[in-house]
Each structure stands twice: as C-alpha cells, then as structure tokens.
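Open the model in a viewer and keep the selection panel at hand. The stops below are given in the order in which to select them.

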Amino acid sequence: MAAGETRAPFAALCGKDPEKLFAEIPTPAYIIDEAQLRRNGEIISDTAQRTGAKFLLAQKAFSNYDLYSLLAPYLTGTEASGLFEARLGAEEMKGKEIHVFCAAYRERDFDEILRYADHIVFNSPHQLKKFGALAKRFGKSVGLRVNPECSTQNGHEIYDPCAPGSRLGTTREQWDALMTEDLCAILDGIHFHTLCEQDSDALETTLSAVDKKFGDLLPRIKWLNFGGGHHITRIGYDIQRFERCVRYVQEKWDVEVYLEPGEAWALNAGYLVTSVLDLPKNGSTQTAILDMSAACHTPDVIEMPYRPMLYGAGEAAEKAFTYRLGGPTCLSGDVIGDYSFDEPLTEHQRLTFGDMAIYTTCKNNTFNGMPLPDIWLLCETGELKKLTDFGYPDFKTRLGSKR
Ligand SMILES: *Cc1c(COP(=O)(O)O)cnc(C)c1O
C-alpha cells in the first residue's frame, strides 16, 4: 500500500486529530463524513456527465438513508438485493430509479417488488421464465445476470462471482441450453457483476470476456449493467480508462450503460471510534481489548478478511509498542489485527479506524449481546449530529416476541 493510500481514510479530516474531534462521542460509535460523501458523489457524477453512463447506489454496501438526500443529486437511482432494499430505495430516495437483482426471488415478495422496481434482473433462465413475463406486463425493464467466467481478483474467493461453480449469473453454456427465443425476446438488458475493489484494468479485461462470451447477443439489448466493485473514488483509480471502456461499449453495441457501485460512494467516508478497556499480556503477546468487536461491528475484517486502517498506528513492530487489538466478546477470533504505536496504549484511550462507512452499519449484529454502535454524522459545517439511539431493545426484539 502506498503512503498516500495509508492516509486516504483520514484525508477528509484535513489533518485534524480524530481523538480531539470525536472526544465527546460515547464509544463505540460510527461517524459518517458528509464532506467525503459529497466528494465521492462529485467524482462519480463528473464521470457520469462525461460519459452518459448512469450510476446507481448499491445499498448493500451503504444504506444510511439519512444521507440519501445528499447523494441524490449525484446518482440515477438505487440498486437493491431484494424486497427490503427496494422498499428502502422507494421510501428514502424518492423519484429515482430502482433496480433489483436477487439470486432467486420468493413468489410472495414479487408482487411488492413490482410496486417499487423499474429494472428487475434475474439470475437464471428459470427465474426469468418464472417471473419475466409478469414483470414485462407491469412495464418493468427486464434483465438477466450473466457470468462471463473471467476471474480478475486474487485472494478473495468469497467475493468472486466467477469462481468455478459459482451460483451467480448465467454462463454461456447455461444460456445456450436454457434460453428460448421467447425468453430472449423479453430481455431488455444484460447485467454482470464480477469485480470487487478493482481498478478499470479489471473492467477492461472483463468487458473483453463479456464480448467473447455474449457479444453476439448484445446488439439485441437496450442496456448493459456493469455491476459494482469499481473503486472509482479511490486515489489513483484510472478514470480515463474507465471512460474509454464505457464509450467503447456505448459505440460498439449502442446500449445504455449502468453501473451500481456500493463502496465507491462511501469510500473513506466513515470512522469507527472505540476505547481501550483493558491491556492484558499473555507471554510476549500484548493485547488491547476494545469496546468494539470485529465480529459484530466490522464483520468484513473477519469475513474478507482485511486489516482496517487505524489512525496514528503502524504495522506490527513498525513503531515501538505493538498490540493485538481485540473485542470484548467470547469469540477467540474476535481480533482486529496487530498494530504498533509510538507510545504505550492506556486504559480509556480512544482509537479511530478509517473507511468505516461501508459494509459496517448495514452488516453489523448483536452477537454476544454486543450493543450496536450509534451512528453519528460529521456535518460539512464541522458539527457532530447523532443519527440513531440504539440500545437494549435493538438486541431483544430480534430474539423473541416481547416488544
Ligand atoms: C455487492 C454488489 C454491488 C456493489 O459492490 P461494491 O463492491 O460495493 O461496489 C453491486 N451489484 C451487485 C449485484 C452486488 O452484489
């Protein structure tokens, strides 16, 4: 990771020390950075204007709807993974397009999805056959997700929809076996989603695979959705190549281009502030137990896995004092990672993790009776505003009948 990248999660603070900035906020807490969200929105809408591509917010990465009105001017609509996200988009991002993709729709959800959605994308020819004609009757734009069988990521197989045997998307072999002329006739568009935190070189590679596998079918459709995983707002992302890719597709197949990034909208636009509760030492391992949990509050740290950036800290052994940072839960593996500091940590000390607006507030849980961290907003004016008031009821109502 380049030095610029290391600082990027905190760049929006403009050199201000988060320990001071967030000193009055009870921990643990997520803080969303309004200024950074707007900067991301501007980068995305600039490329949208230059290319004519349409950008959606993939809500599964970021769905803090208090900020939807801020993002609205920069986007064409929302992307939902099913009924609830579609409804959230309808309620909170009013007047914008709603696109839905689900690996398989439940019959009892579908009528309601028809109320909200503009585009409905199916995962298999069977799903298309089951629901496609109905969707068309309701005036929806109908798409099929394809699998170009082109893996461009290394390391994160759980995020690779092109991994062997993947259940996501229709391969050309499946298409040829199952797509009838009638089914092809109801298709308005084709969707692919194969990237994760990638630059536009991976998009370019993927597009040539899409061309090779499905190029003969593309002149028949109206739109091509490039999915998410485009790290457009990351420092150093090659936007020019991205725009060449979009223009190439627009010209070659005369299609409307949609993109549905999640991360890129809220990249580096959030922090997680936590406090040190205890500093036990076992042999040579010095631990700091925090009041946040990796398993509950930043599940991707364990699932992906990755090591989040921590303000003022270095890699293990890079600075004088190294600590293994862990949560207060009973899970042995509830560890965020090893970090080093110039000074020894002390009880009550606050630590601030960066890039915490994505796949966090929308993915956390209350395992072990862990409280949900409240969500705060760092306004563009510098003011801090509390958006939520989580407590015991948010734990209890998920477990039983009493309200
Ligand atoms: C996850 C996902 C996205 C968003 O991906 P990001 O990596 O957050 O940009 C978009 N579309 C689909 C179908 C997805 O599954």
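Which side chains meet in a salt bridge with an N to O distance of 2.9 Å? Select Glu-303 and Lys-363: their side chains form that salt bridge, the term standing for a side-chain nitrogen of Lys or Arg within 4 Å of a carboxyl oxygen of Asp or Glu. Glu-303 lies in helix α14 (residues 299-303) and Lys-363 in the loop between β16 (350-354) and β17 (374-378), so the pair ties together parts that are 60 residues apart in sequence. Helices (H or I, at least four residues) and strands (E, at least two) are DSSP runs, numbered from the N terminus. With a relative accessible area of 40%, Glu-303 is partly exposed; Lys-363, at 27%, is partly exposed as well. Buried here means under 20% relative accessible area, exposed over 50%, and partly exposed in between, with a 1.4 Å probe and protein chains only.

Before going on, note that this is a predicted model, in which local features need pLDDT of at least 70 and side-chain atom pairs count only at pLDDT 80 or more, while totals for chains, interfaces and linings use all residues. Residues are numbered from 1 along each chain as its sequence is written, and side-chain values use heavy atoms, with hydrogens and water left out.

**Other salt bridges**

The structure holds 24 salt bridges. Select Lys-213 and Glu-149 next; their closest N and O atoms are 3.5 Å apart. This pair links distant parts of the chain, 64 residues apart: Lys-213 is in helix α10 (residues 200-214), and Glu-149 is in the loop between β6 (141-145) and α8 (172-178). Lys-213 is partly exposed at 31% relative accessibility, and Glu-149 is partly exposed at 42%.

Then pick Asp-238 and Arg-241, a salt bridge whose closest N and O atoms are 3.6 Å apart. Asp-238 is partly exposed, at 26%, whereas Arg-241 counts as buried, at 19%.

**The ligand**

Now centre on the ligand and show the residues around it, counting a residue as near if one of its heavy atoms lies within 4 Å. There are 13 residues around the ligand, and Lys-60, Gly-229, Glu-260, Gly-262 and Tyr-359 come nearest. The shell divides into 4 nonpolar, 5 polar and 4 charged residues. In this scheme Ala, Val, Leu, Ile, Met, Phe, Trp, Tyr, Cys and Pro are nonpolar, Asp, Glu, Lys and Arg are charged, and the others, Gly among them, are polar.

Three distances are worth displaying:

- From a nitrogen atom of the ligand to an N or O atom in the side chain of Glu-260: 2.8 Å.
- From an oxygen atom of the ligand to a backbone N or O atom of Gly-262: 2.8 Å.
- From an oxygen atom of the ligand to an N or O atom in the side chain of Tyr-359: 2.6 Å.

On its own the ligand has 390 Å² of accessible area, of which the protein covers 90%; areas come from the Shrake-Rupley method with a 1.4 Å probe.

**Cysteines**

How many disulfides does the structure hold? It holds 0, a disulfide being a pair of cysteine sulfur atoms within 2.5 Å. Select Cys-162: the nearest cysteine sulfur, that of Cys-150, is 6.3 Å away. Cys-162 is buried at 8% relative accessibility, and Cys-184 is buried at 13%.

**Last stop**

Finish at Leu-378 in strand β17, a residue that counts as buried at 8% relative accessibility. Draw a line from its C-alpha atom to that of Gly-227: the two are separated by 30 Å and lie 151 residues apart along the chain.

Notes. A polar contact is a pair of N or O atoms within 3.5 Å; within protein, one must be able to donate a hydrogen and the other to accept it, and residues adjacent in sequence count only if both atoms are side-chain atoms.
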